[in-house]
Amino acid sequence: MSVELANISIARPATIEEAVALASGPDARYLAGGTDLLVNMRRGITRAARLIDLAGVDALKSISCDASGVVVGAGVELARLIEHEEISRRFPAIVQAAAAIAAPGHRNVATLGGNLCLDTRCVYYNQSEWWRSANAWCLKNRGDTCHVAPQGERCHAAFSGDLAPVLLVLGAEIEVAGPAGRRRMPLAELYVEDGRAHLTLAHGELLVAVHLPADGRNAAYEKVRLRGAIDYPLAGVAVAMTMQDGRIESLRVGLTGLNSRPLLVAGTEAFAGRAVDDDLLKAVDRLVQHQAQPVRTTLAAAHYRRLAAAAVARRLVRRLAGG
Amino acid sequence: MSAVYKARTGRQGVPLIDGVDKVTGRALYTADLDRNGALVGRILRSPVAHAEIVRIDVSKACALDGVAAIVTGADCRFTYGVLPIAMNEYPLARERVRYRGEPVAAVAAIDEETAQRALDLIEIEFKELPAYFESKDARAPDAVLLHDKKPGNIEREVHHDFGDLDAGFAAADLVREHRVTCAEINHAQIEPHACLAEFDPVSGRLTVQDVSQVVYYLHLTLARCLELDEAQIRVIKPFVGGGFGARVEVLNFEIVTALLARAAGGKVFMQLTREETFLTHRARPQTDIALRLGMTKDGRFTACACVVTQRGGAYAGYGVVTILYAGALLQGIYDIPAIKYDGYRVYANLPPCGAMRGHGGVNTRFAFETLVDRMARELGLDPFAVRRANLLQAPMQTMNGLMVQSYGLAECLDAVERASGWKERFGRMPPGKGLGMACSHYVSGSAKPIHFTGEPHAVIHLKLDHDGGVTALTGAADIGQGSSTMVAIAVAETLGVGLDRIRVVSSDTAVTPKDNGAYSSRITFMVGNAAIAAANNLKALLTAAAARTLDAAVEEIVCEGGYFRVGDMGQAALSFKEVVAAALVDEGAISVKGAFTCPVEFQGGKHRGGAVGSTMGFSYAAQVVETSVDDATGQVTVDKVWVALDCGHAINPLAVAGQIEGSVWMGMGQALCEETRYLNGLAAHASFLDYRMPTIVESPQIEAFVVESHDPNGPFGAKEASEGALAGFPPALVSAIGNATGVDLHEIPATPDRLLEAIGKSRLKAAAAARKARAAS
């Protein structure tokens with residue numbers, strides 16, 4: 001039940017390049033707000049001998065907006081994201097999601113990049129050393145059995161970041177810096193469906209920025225949780241929708257808190273041209289229920305999380321249609 | 001006639017006398033004390049739920065550099081427990097462990113890292129036994145017994161039968177029964193458990209500074225478990241960051257820290273992690289209740305039969321008292337002609353439960369008030385009207401021997417009915433919104449103490465010296481509820497001086513007189529009366545000194561506003577300090593005391609267990625909760641609460657308002673989102689992330705009203721104010737949810753998953769009924 005961190009060394013680079021160079025050694029981890037990493041280190045589920053503190057890397061903290069699009073540095077704190085006028089004007093759903101994360105104290109230090117790279121969570125994993133040891137560890141940490149699905153081969157820990165589903169439905173791309181240089185890719189490619197290793201970042205790679213389109217006004221995010229703050233989503237749903245002459249032009253649904261990765265629901269392009277009526281809402285409901293794969297990673301029933309996700313998706317689609 | 005007024009706009013009251021110290025960070029809590037030279041204590045806990053301890057080998061840990069002491073069950077052969085009749089727990093397990101997290105060994109080392117390494121080096125061999133995590137499994141005929149001589153794993157069965165039950169049910173126009181389940185909850189006080197113990201090997205004296213609410217019991221237990229003379233022990237309570245019952249019995253880590261300090265011959269500091277603080281537990285048990293009520297068509301209760309099963313955890317603790325309270329507190333609030341109660345306190349392989357704010361009464365009140373509401377609906381009666389049809393008339397004695405001397409429930413009902421606009425709004429709420437109401441009550445201290453010694457229930461010492469300051473010495477533990485401020489006000493008002501003349505020193509067994517502690521809301525009633533008695537004794541000495549100086553008869557002296565004068569003759573007055581100077585001549589510093597004892601006729605019925613529930617005065621509360629329910633996700637929002645509490649007299653209205661809001665809020669936590677959860681006996685809730693207390697986001701506006709029924713025996717007419725309003729919240733909320741959705745929940749907390757499931761079932765049922773109706777037509 002140790003609460004004290006073992007000795008660690010901390011490096012404070014000033015540039016992205018320096019940070020990437022420092023992170024090449026084993027046991028090094030990037031540290032942004034620390035609201036996820038340090039908690040996990042105290043619990044002994046994440047180990048790092050060397051932390052690369054990104055607080056001094058100014059290049060990670062810029063927000064630039066023009067007619068072609070918006071670029072947000074991965075080091076931008078959630079509180080700043082919420083207060084940013086252009087962001088709230090162009091992307092109200094980002095503000096809704098960011099404001100639903102944890103509590104004001106956390107949001108002052110927690111960052112966009114940190115939320116996108118949040119470790120996956122599970123009731124058998126986010127526990128003390130004593131607890132996990134008494135439970136024979138688990139597939140994600142030191143053990144060989146997933147207590148959620150003991151017959152299976154994979155870890156089912158759930159991704160619980162609130163911002164990812166919003167950025168997915170907005171069609172965001174990310175920029176990654178690493179030993180081999182920079183690369184840019186759709187946000188969806190950051191994730192794979194594996195609770196033990198859900199990020200596709202190679203060792204030493206750093207998420208540096210998120211590229212957004214110029215506008216994403218017709219989108220919304222809603223989160224289902226047991227209490228109004230300091231609670232990860234049991235289900236989080238983002239919807240982006242554009243309408244043309246009372247018919248759907250495009251509809252995208254993003255989910256979090258359910259699978260091991262944030263999920264862009266597949267098959268919604270088939271809704272183009274349809275009116276938002278009961279049949280459409282039922283179809284959205286079915287699609288979400290079909291693709292969401294919550295398992296017993298939380299104490300709340302998995303079945304509930306699926307139903308709640310579908311209910312919220314229906315509601316957001318109706319709301320964005322002006323109904 | 002009781003005065004009804006809004007706590008916030010009526011008499012103001014005073015901020016707590018230690019409030020500034022707390023909000024400025026000057027106040028020192030146990031973890032803030034001088035730890036210079038202290039070793040770090042850590043506990044090794046059982047990873048298994050139920051097992052025989054075959055072998056413990058500490059030799060490798062002992063050999064580790066920096067380890068000063070290691071203790072195991074072998075170092076303490078004495079059991080402890082808050083009830084003299086049920087001491088069945090060792091501070092460190094001997095021979096058997098009964099829950100995951102039970103202390104097995106402990107280490108004192110030079111630093112935390114070394115202590116942890118030492119724990120890792122301790123080898124324990126267990127032989128596992130079957131473990132039971134639910135009452136029904138523990139009660140199964142073939143279940144292994146957790147404790148000898150406790151067949152069926154039942155710690156205590158209670159069977160109480162008052163009045164003619166059969167006649168009562170026969171006289172009813174409507175008889176209904178329902179079963180409810182209340183999840184186990186925890187106090188979740190903000191300050192984690194901590195203890196600083198110092199043993200002086202030369203003098204053989206032990207000094208313990210600790211988070212306890214029951215300094216006297218800790219003193220007694222340390223003497224017992226360490227085989228020390230009580231005179232060798234001093235226990236001090238620094239500032240405490242919340243209790244709510246978590247520290248109302250002696251806890252294993254307190255004894256363990258003292259054992260380590262003695263073994264190391266020095267000072268040991270132990271601070272439990274949040275997880276360990278949760279594992280220490282002692283809170284409200286998971287409870288199953290089957291309740292049957294009889295009601296006439298005009299809403300009169302005719303009979304009540306109640307079966308309560310509490311899953312008490314692995315050891316006795318307060319269990320016997322909790323299971324007795326659950327039945328006893330069916331009485332003393334309404335006029336019910338017949339009540340039958342059957343209670344079962346069950347052992348299970350989980351952390352032991354104990355006392356928690358509203359001790360024993362909360363879950364039964366939930367079952368009772370929700371059933372009353374549902375029956376009222378069936379009979380087409382207003383929920384307020386049903387409560388009013390069953391009010392008591394004070395003074396009276398209940399069937400189980402409880403005395404009701406003052407009773408302001410009718411005024412409480414009036415206050416919240418009016419303020420909430422109930423008459424205009426109930427039944428006319430927009431879709432998804434609902435109103436619900438409930439009543440509750442609580443004791444102002446248990447009239448029969450746990451340890452019978454023949455001593456008074458409370459003693460206060462007052463010291464007056466040359467400076468003209470009065471120091472009140474009290475053992476009463478201020479744990480944030482404001483008891484020291486209450487003592488200061490009681491003394492100041494009796495002496496007719498300002499609060500700035502009073503100092504309060506509390507909870508140091510070398511200095512303050514013994515006090516049983518902060519529990520069962522006993523302090524205001526008992527210690528308050530003792531403080532008034534002590535102040536009157538001091539006032540008599542001062543009046544005599546004033547009479548001597550002014551050359552007047554004692555009975556002519558009037559004392560008010562800090563001055564003593566002869567009648568109202570306009571003669572020169574003596575200031576308080578002048579009178580003090582006169583009183584000190586030939587005497588020197590003055591010490592007086594005051595005491596308070598609950599008369600025997602208040603100490604409960606003659607039946608077995610009849611002392612539990614007995615009190616000098618009950619507080620009463622009524623509340624209305626307004627809620628919104630999202631029927632797509634099952635999420636519940638508490639929009640507003642109106643609550644009225646009859647506390648007899650508000651000695652400090654500001655503190656009373658705070659306590660009312662606090663009780664409502666704590667009731668809200670239990671009703672809405674708080675619960676402990678175990679995975680094969682492992683606590684999966686043991687952090688503030690997973691144990692979901694409400695945050696400020698879901699905290700509603702609470703409009704609090706104080707009703708003053710002027711109890712004939714209370715200090716200035718006061719009764720308790722800290723617990724009475726809690727038990728009404730869960731039923732009021734669940735009834736409001738029913739009002740909003742048409743769905744009757746039978747479980748708390750009303751989490752979205754539970755509610756959505758209940759809504760789904762209710763829709764299926766309605767659809768089936770509709771199909772049946774169509775088929776029939």
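**Architecture, core and contacts of chain B**

Buried residues account for 60% of the 777 residues of chain B in this predicted model. The secondary structure of chain B consists of 19 helices and 32 strands. The radius of gyration of chain B is 27 Å, close to the 28 Å given by the globule rule for 777 residues, so chain B is as compact as a globular protein of that length. The C-alpha trace of chain B extends over about 100 × 80 × 50 Å along its principal axes. Among contacts in chain B with a separation of 6 or more, 80% join residues 24 or more positions apart.

Chain B is partitioned into domain 1 (33-129 + 191-241 + 247-280), domain 2 (286-448 + 603-761) and domain 3 (458-597). Between domain 2 of chain B and domain 3 of chain B, the C-alpha centres are separated by 38 Å. Their contact involves 20 residues from domain 2 of chain B and 16 residues from domain 3 of chain B. On the side of domain 2 of chain B that touches domain 3 of chain B, at least two residues each are supplied by β19 (433-443) and α17 (653-672) of chain B. By class, the residues on this side of domain 2 comprise 8 nonpolar, 9 polar and 3 charged.

The contact between the chains brings together 26 residues of chain B and 27 residues of chain A. Three helices of chain B, namely α3 (112-121), α8 (274-280) and α19 (752-776), each provide at least two residues of the side of chain B that touches chain A. The composition of that side of chain B is 10 nonpolar, 6 polar and 10 charged residues.

The largest nonpolar core contains 369 residues, of which A:Val239, B:Val491 and B:Val643 touch the most other members. Helix α15 (residues 523-550) of chain B makes the greatest contribution to this core, giving 14 residues. The surroundings of B:Val491 were examined further. When residues up to four places away in sequence are not counted, B:Val491 touches B:Leu462, B:Val470, B:Ala472, B:Ile502, B:Ala531 and B:Ala535.

Technical notes
Residues are numbered from 1 along each chain as its sequence is written. Chains are lettered from A and ligands numbered from 1 in the order in which they are written. This is a predicted model: local features need pLDDT of at least 70, side-chain atom pairs count only at pLDDT 80 or more; totals for chains, interfaces and linings use all residues. Domain bounds come from an automatic or database domain assignment. Two residues are in contact if their C-beta atoms, placed from the backbone, lie within 7 Å. Helices (H or I, at least four residues) and strands (E, at least two) are DSSP runs, numbered from the N terminus. Ala, Val, Leu, Ile, Met, Phe, Trp, Tyr, Cys and Pro count as nonpolar, Asp, Glu, Lys and Arg as charged, and the others, Gly among them, as polar. A nonpolar core is a set of buried Ala, Val, Leu, Ile, Met, Phe, Trp, Tyr and Cys residues joined through C-beta atoms within 7 Å. A residue is buried if 20 or more other C-beta atoms lie within 10 Å of its own, exposed if 12 or fewer, and partly exposed in between; C-beta atoms are placed from the backbone. The radius of gyration is taken over C-alpha atoms; the globule rule is 2.2 Å times the number of residues to the power 0.38.
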